[in-house]
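Visitor: Could you take me on a close look at one part of this molecule, the helix packing, and what surrounds it? I would enjoy one long, connected tour.

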Amino acid sequence: MRQAAFRRYWSAQTISLFGDQVSTLAIPLLAVVATGAGPAQMGYLTAAGLAPNLLFSVIAGAWVDRYPHKRRVMIAADVGRALLLAAVPLLWFTHTLTLPHLYAVAFAVGTLSVVFQVAYSSLFVALVARDDYLDASALTNGSQAVSSVAGPSVGGILVQLLSAPVAVVVDASSYLFSALLLVRTRAVEHPPSTGRGRLGGAVAGLRYLARSATLRSILLASTTLNLFNYMFEALFILYATTELKISAGTLGFVLGAGATGGLLGAVITGRLARRFGVGPTLLAAYVIFPAPLILVPFATGPQLVVLAMLFVAEFLSGIGVVMLDINAGAVQTAATPTSMLARMQGARRTVNYGIRPVGALIGGALGATMGLEPAVWIAVTGGLLGVVWIVFSPVPRLRTLPEPDVG
């Protein structure tokens, strides 16, 4: 953090991710309030924002690895997302906003988010020495995880105080601020990949992930977890507001517990990894993240009890998601050659993020056919299956960060 370039990079990434997560709550709430969206439509909306991960991640990774100016790519993605989101409140204020409009904006913003995210790892290694990967990853992945819980919290407060369209305006502004920080970030970027040899081509990242036992197990575990977690994500806002009768502002406060837990997770993860090893800490995270969410469908009784159970669930899950992202991010970066980081990220996102719209669609379908509460039960219990891939892998034996796996 003493390095100005890294501070700007980290701040830009954090603000950009935070903007993503404000819309995670604001746009679905806008869909419910302005268009009367039901469970199936909420699933479609979530899927629209996540589908680009499945469709474009591999292609984006291959292109970014060959493009010499990753920072410029990130700036362009930020500006594009700001312009797209600015159209949402404009349509709302002119009374022309429809669900297809929200689907289209979510898909386009998701596409630019893919480009931004596959580029940021390559810029990361241009700014950070290998020995500092874990600590720097604690900042970058920690901010990513914290934003995933703090963003919806702030989004809920903004919706309560200012309305959903204004919350989307705040989101668009965050991307412009991120772009300005990146403009001021200077880094000597690594030479682009030539795309030749057996690691060349758009599918090189997929081949590398499949060949590396460490990366493969992390990918399969995260994909399993994300399948069920996004079934939960597609239903949670609707479940909390309709079944549990929680207002947007109160929901934002409850989600803030995840932010508090995430901050604690960011503080303790490095210490835990140094004390017990990177692998065992990552193994524990695959349990600590999904397990507390079982409290959500258990939440019954007086409103105060319901809120307390949701608060505890979000707090503990927030610790787990930060632990997971910090350790998994550092391991994946260390285990991948610099020349193909973007392709690895693109391949990883194709599988890991590509499963998310599938989970959202399944969650929406289950909520529409069998009811919200049974669907939420399936989602929160299924997330625990991800840890099985880690138990039977080399990950629990990792004490320190691995070298690139070329075997």
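Guide: The protein chain comes to 16 helices and 0 strands, and what you see is a predicted model. Of the 407 residues in the protein chain, 57% are buried. If you take the contacts between residues at least 6 apart in sequence, 89% of them join residues at least 24 apart.

Let's begin with helix α13, which covers residues 341-352. Its axis and that of helix α2 (residues 39-66) come within 7 Å and cross at roughly 180°. That angle is over 145 degrees, so α2 and α13 are roughly antiparallel to each other. On the α2 side the contact is made by Asn-53, Leu-54, Ser-57, Val-58, Gly-61, Ala-62, Val-64, Asp-65 and Arg-66. Facing them in α13 are Leu-341, Ala-342, Arg-343, Gly-346, Ala-347, Arg-349 and Thr-350. By class, the residues of this contact between α2 and α13 divide into 7 nonpolar, 5 polar and 4 charged.

Helix α13 also meets helix α8. The axes of α8 and α13 come within 9 Å and cross at roughly 35°. Here Leu-219, Ser-222, Thr-223 and Asn-226 of α8 meet Arg-348, Val-351 and Asn-352 of α13. The contact of α8 with α13 has 2 nonpolar, 4 polar and 1 charged residues.

Ser-222 deserves a pause. Helix α8, where Ser-222 lies, spans residues 213-243. With a relative accessible area of 9%, Ser-222 falls under the 20% limit and is therefore buried. Setting aside residues up to four places away in sequence, Ser-222 touches Tyr-286, Leu-324 and Asn-352. With Tyr-286 there is also a polar contact of 2.7 Å between the two side chains.

From here, step across to helix α12, which runs over residues 303-334. Gln-332 is found in α12, and at a relative accessible area of 8% Gln-332 is buried. Leaving out residues up to four places away in sequence, Gln-332 touches Leu-215, Ile-218, Met-344 and Arg-348. Arg-348 is also one of the α13 residues in the contact with α8.

Val-306 sits in α12 too. Val-306 counts as buried, with 4% relative accessibility. Not counting residues up to four places away in sequence, Val-306 touches Leu-244, Ile-246, Ala-299, Thr-300 and Gly-301. Val-306 and Leu-244 are 62 residues apart along the chain, and their C-alpha atoms are separated by 7.8 Å.

The next stop is Lys-245, in the loop between α8 and α9 (248-276). Lys-245 is not a glycine, although its phi is positive at about 60°. At 62% relative accessibility, Lys-245 is over the 50% limit and so counts as exposed.

A matching backbone feature can be found at His-95. Phi of His-95 is near 60°, a positive value in a residue other than glycine. His-95 lies in the loop between α3 (70-93) and α4. With a relative accessible area of 75%, His-95 is exposed.

Just past that loop we enter helix α4, where Tyr-103 lies. Tyr-103 is partly exposed, because its relative accessible area of 21% is neither under 20% nor over 50%. Tyr-103 touches Gln-41, Tyr-44, Leu-45 and Ala-48, residues up to four places away in sequence not being counted. The C-alpha atoms of Tyr-103 and Leu-45 are separated by 5.6 Å, with their positions 58 residues apart along the chain.

Finally, the nonpolar interior. In soluble globular proteins, nonpolar side chains tend to be buried together. In this model the largest nonpolar core has 39 residues, and those with the most contacts inside it are Tyr-9, Met-74, Phe-124, Val-128 and Leu-182. Helix α4 (residues 99-127) gives the most to this core, with 10 residues. Tyr-9 touches Met-74, Tyr-120, Leu-123, Phe-124, Leu-127, Thr-140 and Thr-185, again without residues up to four places away in sequence. There is a second, separate core of 26 residues, which includes Ala-240, Ala-313, Val-376 and Val-380.

Key:
Residues numbered from 1 in each chain as written. Predicted model: local features only at pLDDT ≥ 70, side-chain atom pairs only at ≥ 80, totals over all residues. Heavy atoms only, no water. Helix = DSSP H or I, 4+ residues; strand = E, 2+ residues; numbered from the N terminus. Buried < 20%, exposed > 50% of the residue type's maximum accessible area, 1.4 Å probe, protein only. Polar contact = N/O pair within 3.5 Å; in protein donor to acceptor, adjacent residues only side chain to side chain. Contact = heavy atoms within 4.5 Å. Core = buried A, V, L, I, M, F, W, Y, C linked by side-chain atoms within 4.5 Å. Axes fitted to C-alpha atoms, helices over the stretch in contact; angles between N-to-C directions. Parallel < 35°, antiparallel > 145°, perpendicular 65-115°, else oblique. Nonpolar A, V, L, I, M, F, W, Y, C, P; charged D, E, K, R; others polar.
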